[in-house]
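Please look over the following chain and its fold before reading the report, which takes up the overall architecture, the sheet, one helix, the aromatic pairs and the cysteines in turn.

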Amino acid sequence: MGRTVTLGNGKDINKDVELCYTINERISNYCVRALIENHIPFTKNLVSIPFFLRERFHGAKQMYVISTNYNLYSQARRTIDQLDPIYKRRLRLSNY
């Protein structure tokens, strides 16, 4: 009782990094579909933007943040780089 069993390396658990963010829901859904097709695990979070920062984000009230595991970041980034330039232009990519 009270003992927790962790499978794999415990240091690699919960090492998510931000992959990209956007204020457009359609663009985030397109990005998510591309990650799913390439079997890359990710999380998509909806973050509300504070009132005093909305001018910086063109009046948007929320943004979509897509994160992935640190070990799979390069594979996910290659997937994002293969997106159509029209969609990729609307994403803000992180550099890790």
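The report below describes a predicted model.

## Overall architecture and confidence

The protein chain contains 3 helices and 4 strands, and from the N terminus on these elements follow the order β-α-β-β-α-α-β. Of its 96 residues, 30% count as buried, and among the contacts between residues at least 6 apart in sequence, 64% join residues at least 24 apart.

Because the model is predicted, confidence should be read alongside the geometry. The chain averages a pLDDT of 88, and 85% of the residues score at least 70; among the elements, α1 has the highest mean pLDDT, at 95, and β4 the lowest, at 91.

## The sheet

The 4 strands form an open sheet in the order β2-β3-β1-β4, with antiparallel pairing. The edges are held by β2 and β4, each of which has a single partner strand, so that one side of each is left without a neighbour in the sheet.

At one of these edges, β1 and β4 run antiparallel and are joined by 2 bridges. Cys20 has Leu93 in β4 as its bridge partner.

## Helix α2 and its buried side

Helix α2 spans residues 73-81, and within this helix Tyr73, Ala76, Thr79 and Ile80 are buried. These residues cover an arc of only 120° around the axis, which places them on the same side of α2. The spacing agrees with a general property of such helices: an α-helix has 3.6 residues a turn, so residues three or four places apart point the same way.

What covers the buried residues of α2 comes from several parts of the chain, and includes β1, α1, β3, α3 and β4, the last of these spanning residues 92-93.

## Aromatic pairs

How many aromatic pairs does a search of the whole structure find? The search finds 2. In the pair formed by Tyr21 and Phe57, the ring centres are 6.4 Å apart and the planes lie at 70°, so the arrangement is edge-to-face. This pair links distant parts of the chain, since Tyr21 belongs to strand β1 (residues 16-22) whereas Phe57 lies in the loop between β2 (42-48) and β3 (62-69), 36 residues apart. The two partners also fall into separate accessibility classes: Tyr21 is partly exposed, with a relative accessible area of 23%, while Phe57 is buried, with a relative accessible area of 13%.

In the pair formed by Tyr30 and Tyr87, the ring centres are 3.9 Å apart and the planes lie at 20°, so the pair is stacked. This pair, too, links distant parts of the chain, with Tyr30 in helix α1 (residues 25-37) and Tyr87 in helix α3 (residues 85-88), 57 residues apart. Tyr30 is partly exposed, with a relative accessible area of 25%.

## The cysteines

The structure holds 0 disulfides. Cys20 is in no disulfide, and the nearest cysteine sulfur, that of Cys31, is 4.0 Å away. Why is there no bond between the sulfur of Cys31 and that of Cys20? The separation of 4.0 Å is too far for a bond, because a disulfide requires the two sulfur atoms to lie within 2.5 Å.

Are these two residues buried or exposed? Cys20 is buried, with a relative accessible area of 1%, and Cys31 likewise counts as buried at 1% relative accessibility. Cys20 is thus a buried residue that takes part in the bridging to β4 through Leu93, without being in a disulfide.

Methods
Residues are numbered from 1 along each chain as its sequence is written. This is a predicted model: local features need pLDDT of at least 70, side-chain atom pairs count only at pLDDT 80 or more; totals for chains, interfaces and linings use all residues. Side-chain values use heavy atoms; hydrogens and water are left out. Buried means under 20% relative accessible area, exposed over 50%, partly exposed in between (1.4 Å probe, protein chains only). Rings of Phe, Tyr and Trp (its six-membered ring) pair if their centres lie within 6.5 Å; planes under 30 degrees apart count as stacked, over 60 as edge-to-face and the rest as tilted. The arc is that of the directions from the helix axis to the C-beta atoms. Contact means heavy atoms within 4.5 Å. pLDDT is the predictor's confidence in each residue, from 0 to 100. Two strands pair if DSSP finds at least two bridges between them.
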